Amino acid sequence: MLSQRIQKIQPSATLAINARAIELKKQGIDIIKFGTGEPDFDTPDNIKDAAKRALDEGFTKYTAATGIPELKEAVRDKLKRDNGIECDIPNILISNGGKQALYNCFMAIIDPGDEVIIPSPYWVSYADMIAVCDGVSKFVDTTGNNFKLTAEMVKEAITPKTKALILNSPSNPTGAVIEKKEIEKIAELAFKHKFYVISDEVYEYFLYDGKKMFSIGSIPDMKDKVFTVNAVSKTYSMTGWRIGYIAGPKDVIKAMGNLQSHSTSNPCSIAQKAALEALTGPQDSVTIMANEFAKRRDYVYKEMNKLPGFKLTKPEGAFYAFPDVTKCYKGEITDSFKFT
Ligand SMILES: Cc1ncc(COP(=O)(O)O)c(C=O)c1O
């Protein structure tokens with residue numbers, strides 16, 4: 001008999017769509033997969049070489065469960081340099097992808113019935129992770145505002161049970177970027193109403209039209225309130241390597257480390273060395289990818305809006321297109337899942 005907890009979650013919809021596309025391809029149908037979100041570039045050579053070196057040097061044993069110190073140092077320096085976030089080694093945890101960092105975080109802060117505000121449309125895993133922790137997702141619909149979250153929207157969703165708010169800017173799946181002034185106002189709300197902000201910044205380098213990244217964790221008063229989540233997965237085309245990280249208040253980070261030590265132990269030793277090279281080595285591959293994504297964004301925006309029934313809001317970041325297809329519904333196609 002399955003536990004009640006596990007019965008609350010669904011398989012990842014994007015992975016299901018991916019599996020269906022593979023199945024259709026096998027049947028000889030010419031199909032392009034638009035399911036899972038990962039760059040199609042190879043991992044840069046300098047990163048692969050660092051992994052090979054780690055193997056040759058026998059760096060193949062358990063590491064500290066929360067990650068190797070030099071990778072934590074690289075994360076600390078990166079957060080300071082690129083995001084203006086001041087933190088130290090005890091504030092940082094290295095995990096198996098951004099996903100585990102997020103999961104550990106929800107496990108560490110959510111009690112049954114606690115509410116987490118999620119701007120919608122949202123990345124598939126947030127709500128299921130929260131459900132597994134017996135939390136309650138409170139969705140805030142941003143559709144009417146070109147998918148851009150405002151402080152006013154957040155304010156309306158706050159209750160005495162609000163434990164956290166998720167920010168994901170640039171967003172998966174909409175590509176929307178939250179304005180700096182809104183983030184500052186949201187920070188004031190978090191401060192006043194004493195809830196955490198979990199800022200998922202995995203798409204931070206994929207920004208278009210001169211948009212700039214602003215990390216809520218850089219606001220000094222927010223030190224004890226913000227978790228900044230990131231990963232090497234998207235930035236360096238390393239989705240399969242499974243290295244992510246989270247920075248936040250050290251008591252919670254410590255608790256997250258305890259959980260990780262009993263569940264998965266350390267992230268892969270070799271992948272940690274590769275991630276260290278990713279964060280400290282040459283960064284030109286990131287610019288090359290970001291420029292290519294910008295070109296594709298322009299192309300997709302132009303061409304997709306020519307398709308009958310499609311209406312695509314211009315994505316400002318990430319590498320997603322999230323068109324409104326409601327005008328395509330007819331007959332048995334009654335919702336976006338059936339349309340897909
Ligand atoms: C918004 C968002 N956060 C986190 C992740 C997880 O990334 P990782 O592969 O590092 O676990 C993804 C992956 O699709 C994502 O889109």
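Guide: A cavity here is a set of points on a 1 Å grid, over the protein atoms alone, where a 1.4 Å probe fits but cannot get out. Its volume is the space filled by probe spheres set on the points, with grid points joined across faces, edges and corners.

Visitor: And what kind of model is it?

Guide: This is a predicted model, in which local features need pLDDT of at least 70 and side-chain atom pairs count only at pLDDT 80 or more, while totals for chains, interfaces and linings use all residues. Residues are numbered from 1 along each chain as its sequence is written, and side-chain values use heavy atoms, leaving out hydrogens and water.

Visitor: How many cavities of 30 Å³ or more are there?

Guide: Three. The largest holds about 150 Å³ of space.

Visitor: Which residues lie nearest the centre of that largest one?

Guide: Pro 119, Pro 121, Phe 147, Asn 168 and Ser 171, out of 18 lining residues. A lining residue has an atom within 4 Å of a point. The lining has 11 nonpolar, six polar and one charged. Ala, Val, Leu, Ile, Met, Phe, Trp, Tyr, Cys and Pro count as nonpolar, Asp, Glu, Lys and Arg as charged, and the others, Gly among them, as polar.

Visitor: What volume has the second largest?

Guide: About 60 Å³. Its lining includes Asn 168, Glu 201 and Phe 214.

Visitor: New topic: where is Ser 265?

Guide: Ser 265 sits in the loop between helix H9 (250-263) and helix H10 (269-280). Helices are DSSP runs of H or I, at least four residues, numbered from the N terminus.

Visitor: What does Ser 265 contact?

Guide: Beyond neighbours within four places in sequence, Ser 265 is in contact (heavy atoms within 4.5 Å) with Ala 65, Asn 96 and Gln 260.

How values were computed:
On a 1 Å grid over the protein atoms alone, a cavity is a set of points where a 1.4 Å probe fits but cannot get out, and a pocket is an open set with protein on both sides within 12 Å along at least five of seven lines; lining residues have an atom within 4 Å of a point. Helices (H or I, at least four residues) and strands (E, at least two) are DSSP runs, numbered from the N terminus.
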